[in-house]
Amino acid sequence: LKKKLDTAFISKIRRYKNATGNHSWAGWARYALLTNGPPYFKLEYDSLATDVKGIESRFPGLSELVSEFYVRADIPFLWNTYLPAYRSMHEKFKPYANQAMLDILKYCRLNENHFANSIIHVQYSPLMSHFTAQQATVNGELWIIFGPSEGEPSPASYYHEALHDVVDPITEQNQARLTRLEELFRLASEKETSYEIVNESFVRTIDIVLSGKLLGLSAEQVFQNMLNEYKLGFILCPAILESIAEYEKSDVSFSSFYVNVIENIDIQKEKERWNRHQRASH
């Protein structure tokens, strides 16, 4: 790509990105998934679908820009050249997607048809940054897109984004409960919303627990992995992890466990924990 694109066109791409604002990856991904493909990349979607509301106004003229990129970068040639390697990488991950869904169904005590009721697409994307992934719902269909990571493919490659399909609706239903925790959210992050902090805290902690069980990690290793997420500002991770053992011994639903954690968080305790962590890291 670097060899094929001149600096003037690269500048044009950057100007477009700056002009349209700092949209999340979810916005760009949804747009891509809604196009009819090459060579024109026109949007085709149900205008009443709430998960893509306002997509055209947020990215005016993007189809034309992508179409121009497609030609200038000679994407047909590059695609045919690298397609065998791309498919080979994707096929290594493919067998583990179903096992990941089953692990989540069992651990989160979900109806066995939870994922069966949705059309799910799983896609490995080697051009994404390491350790990144994206979940996008487009016209009611769930896409799980993930980039490279260390180690061999396994169900753990899918846990994080698949868990969002479980956790996101619960967070949405309980937003009113989150207001009591605003002081913690302000303490931990200036850029993440309360919704994002809570959502990611639950998703990342459950991901760590499931991955730990899959890989046979010790409790100390699981705890250290959780601390890595805590350092990033996901301030509820320790409280969630501390509640896991009780959840595993109980028969409560995952949504009830979620609410119990939120309602029983000791704000003063978490403030002191965060301040100790901040002092130790400096």
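In the predicted model, strand β2 (residues 133-138) is joined to β3 by 6 bridges, with the two strands running antiparallel. The connection between β2 and β3 is a hairpin with 2 residues between the strands, and within this turn N139 has a positive phi of about 50°. Among the bridged residues, V138 has E141 as its partner in β3.

Strand β3 also takes part in a second pairing, in which strand β1 (residues 120-124) and β3 (residues 141-146) are matched in the parallel sense over 5 bridges. Within β3, W143 is the bridge partner of H121. Strand β3 is thus described by an antiparallel pairing with β2 and a parallel pairing with β1.

Strand β2 recurs in the description of the second largest pocket, the volume of which is about 1,900 Å³. This pocket is lined by 47 residues, of which A133, H160, E161, E200 and R204 are the closest to its centre. The elements that contribute two or more residues to the lining are α2 (25-34), β2, α7 (156-173), α9 (194-215) and α10 (219-230). The largest share of the lining is provided by α7, from which 10 residues are drawn. In terms of residue character, the lining of the second largest pocket comprises 17 nonpolar and 17 polar residues, together with 13 that are charged.

How values were computed: Residues are numbered from 1 along each chain as its sequence is written. This is a predicted model: local features need pLDDT of at least 70, side-chain atom pairs count only at pLDDT 80 or more; totals for chains, interfaces and linings use all residues. Side-chain values use heavy atoms; hydrogens and water are left out. Two strands pair if DSSP finds at least two bridges between them. Helices (H or I, at least four residues) and strands (E, at least two) are DSSP runs, numbered from the N terminus. On a 1 Å grid over the protein atoms alone, a cavity is a set of points where a 1.4 Å probe fits but cannot get out, and a pocket is an open set with protein on both sides within 12 Å along at least five of seven lines; lining residues have an atom within 4 Å of a point. Grid points are joined across faces, edges and corners, and a volume is the space filled by probe spheres set on the points. Ala, Val, Leu, Ile, Met, Phe, Trp, Tyr, Cys and Pro count as nonpolar, Asp, Glu, Lys and Arg as charged, and the others, Gly among them, as polar.
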